[in-house]
Amino acid sequence: GCRGPRTDIRVNVRTTPLPAVSQVPIVTCQNATPQALSATGTALKWYNTNKTGGTPQSTPNIPPTQTPGTYNFYVTQTGTNGCESPRAEIVVVIQPLPSATISGEGTITQGQSAPLSIAFTGQGPWTYTLSNGLTFTSSQNPTNITVSPLESTIFTVTKITNNCGEGSPAG
């Protein structure tokens, strides 16, 4: 029933730091040439989920650029101590190609003006061309313009572009 001498119990917690990841978030355009993700570290493992488990890949993921949206990828490194680091997140944002939809009142008296509204999708600024041949650039969404036609005229957007390229006019 006697107590013996105390003994030290040592616990060594071995950790591995996160790998260094490239610019986050990575922003690219729809249909751009896909680029493999990159990170700096030792024995990198690539994952499609932030949760534990999953099947690691030894090569970096290549984000899809066909579909706009935000995609999350993860990478770890394994240190010389044999421990795998927590997962570092790499966010990839695929911006959509632009689109423009024009709308407005249908009837005015000759010599009067009519307001038109142009709603955009994608990232601005947008450069658009109307069916009358005039080209404008706007950072406002929607943008409002005033037209004063001398005769019956149908206005359409014939071309829409932004930093991602040429998109789809509508309306």
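**Note on the predicted model: aromatic pairs, sheets and pocket**

1. The structure holds three aromatic pairs, where the rings of Phe, Tyr and Trp (its six-membered ring) count as a pair if their centres lie within 6.5 Å, with planes under 30 degrees apart called stacked, over 60 edge-to-face and the rest tilted. This is a predicted model, in which local features need pLDDT of at least 70 and side-chain atom pairs count only at pLDDT 80 or more, while totals for chains, interfaces and linings use all residues. Residues are numbered from 1 along each chain as its sequence is written, and side-chain values use heavy atoms, with hydrogens and water left out.

2. Phe-120 takes part in two of the contacts described here. With Trp-126, the ring centres of Phe-120 are 4.6 Å apart and the planes stand at 5 degrees, so this pair is stacked. With Tyr-128, the centres are 5.7 Å apart and the planes stand at 50 degrees, so that pair is tilted. Phe-120, Trp-126, Tyr-128 and Phe-136 form one aromatic cluster.

3. Buried or exposed: how do Phe-120, Trp-126 and Tyr-128 count? Phe-120 is buried at 5% relative accessibility, Trp-126 is buried with a relative accessible area of 4%, and Tyr-128 is buried with 2%; buried here means under 20% relative accessible area, exposed over 50%, and partly exposed in between, with a 1.4 Å probe and protein chains only.

4. A charged side chain also meets an aromatic ring, since Arg-87 lies over the face of Tyr-47 at 3.5 Å from the ring centre. A charge sits over a ring if NZ of Lys or CZ of Arg is within 6 Å of the ring centre and within 35 degrees of the ring normal.

5. One open sheet of four strands has the order β2-β6-β5-β4, with mixed pairing; strands are DSSP runs (E, at least two residues) numbered from the N terminus, and two of them pair if DSSP finds at least two bridges between them. At the edges stand β2 (26-29) and β4 (45-47), each with a single partner strand, so one side of each is left without a neighbour in the sheet. The twist in this sheet averages 25 degrees from one strand to the next, with axes taken as lines fitted to C-alpha atoms and angles running from 0 to 180 degrees between N-to-C directions. β2 and β6 (residues 88-95) run parallel and are joined by four bridges, and Cys-29 stands opposite Gln-95 in β6.

6. Another open sheet of four strands has the order β11-β8-β7-β14, again with mixed pairing. Its edges are β11 (143-147) and β14 (168-170), each with a single partner strand, so one side of each has no neighbour in the sheet. The twist here averages 20 degrees from one strand to the next. β8 and β11 pair in the antiparallel sense over five bridges, and Ile-118 stands opposite Thr-143 in β11.

7. Gly-53 lies in the loop between β4 and β5 (69-76), and at 39% relative accessibility Gly-53 counts as partly exposed. Gly-53 and Thr-65 are twelve residues apart in sequence and 26 Å apart in space, C-alpha to C-alpha.
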